[in-house]
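Student: I'd love to take a close look at one part of this model with you. Could you walk me through a single strand and then place it in the whole chain?

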Amino acid sequence: MNPRRKKRLTIVISILVGLSIVAGMVLYALSQNIDLFFKPSEIYQGKDDTGIKPINGQRLRIGGLVVPGSVKRDPSSLDVTFELVDMRMPIIFNDTDPVIKVHYDGILPDLFREGQGIVANGMLVNGNFIEASEVLAKHDENYIPKELADDMGEKHVKPSYTKEQIENQQY
């Protein structure tokens, strides 16, 4: 083989080996941070596959269902405190479920309500309390736009509310 070609081949192979080592190191470093969010039970017991538990002061995402009757709003500000439990089907709330309290100071999404799935970004405080900086409400996975429902022949009924429901609505 020509010495010039041999030198080029050596350089190309060393660059490819270097790039694969860097890619492997990046993937290894990110392997613990790839999870989309923690469930309330994982805050207490750790991740199912790795057993890693979040520590106080750690920024994280938590996802779960808002416990009915747990939403407490401050009438003089935007402060809201609510509880989250794991999402599972069928939706049943037990007193023995691991519960995480979330505090949020801001405007909640329109889809936020009790029994609704949410994802909160924030910081873990005292092991079971999240100081949220952002709350995202998850929509129903069975949602169908009106146009598609009409095309499929399904009825799309606009929700109607009684006067009493509108007057008792809490903001």
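Student: How many bridges join β1 to strand β5, and do the two run parallel or antiparallel?

Tutor: Happy to! Bear in mind as we go that this is a predicted model. Strands β1 and β5 run antiparallel, and seven bridges join them. On the sequence, β5 covers residues 117–125, while β1 covers residues 59–66. If you would like one pair to find on screen, take Arg61: its bridge partner in β5 is Asn121.

Now turn to another partner of β1, strand β3, which spans residues 79–85. Here, too, the strands run antiparallel, with two bridges joining β1 to β3. A good place to look is Val66, which stands opposite Leu84 of β3. So much for the pairing; next comes the covering of the strand. Strand β1 is mostly covered, with six of its eight residues buried. For the chain, which has 171 residues, the buried share is 25%.

Let's step back to the whole chain. It holds six strands and four helices, and their order along the sequence is α-α-β-β-β-β-β-β-α-α. Contacts across the sequence fit into this picture as well: of those between residues at least 6 apart, 52% join residues at least 24 apart. Finally, there is the outside to consider: the chain exposes about 12900 Å², and 56% of that area is supplied by carbon and sulfur atoms.

Definitions and conventions: Residues numbered from 1 in each chain as written. Predicted model: local features only at pLDDT ≥ 70, side-chain atom pairs only at ≥ 80, totals over all residues. Heavy atoms only, no water. Buried < 20%, exposed > 50% of the residue type's maximum accessible area, 1.4 Å probe, protein only. Pairing = 2+ DSSP bridges. Contact = heavy atoms within 4.5 Å. Areas by Shrake-Rupley, 256 points an atom, 1.4 Å probe, with all protein chains shown as cover.
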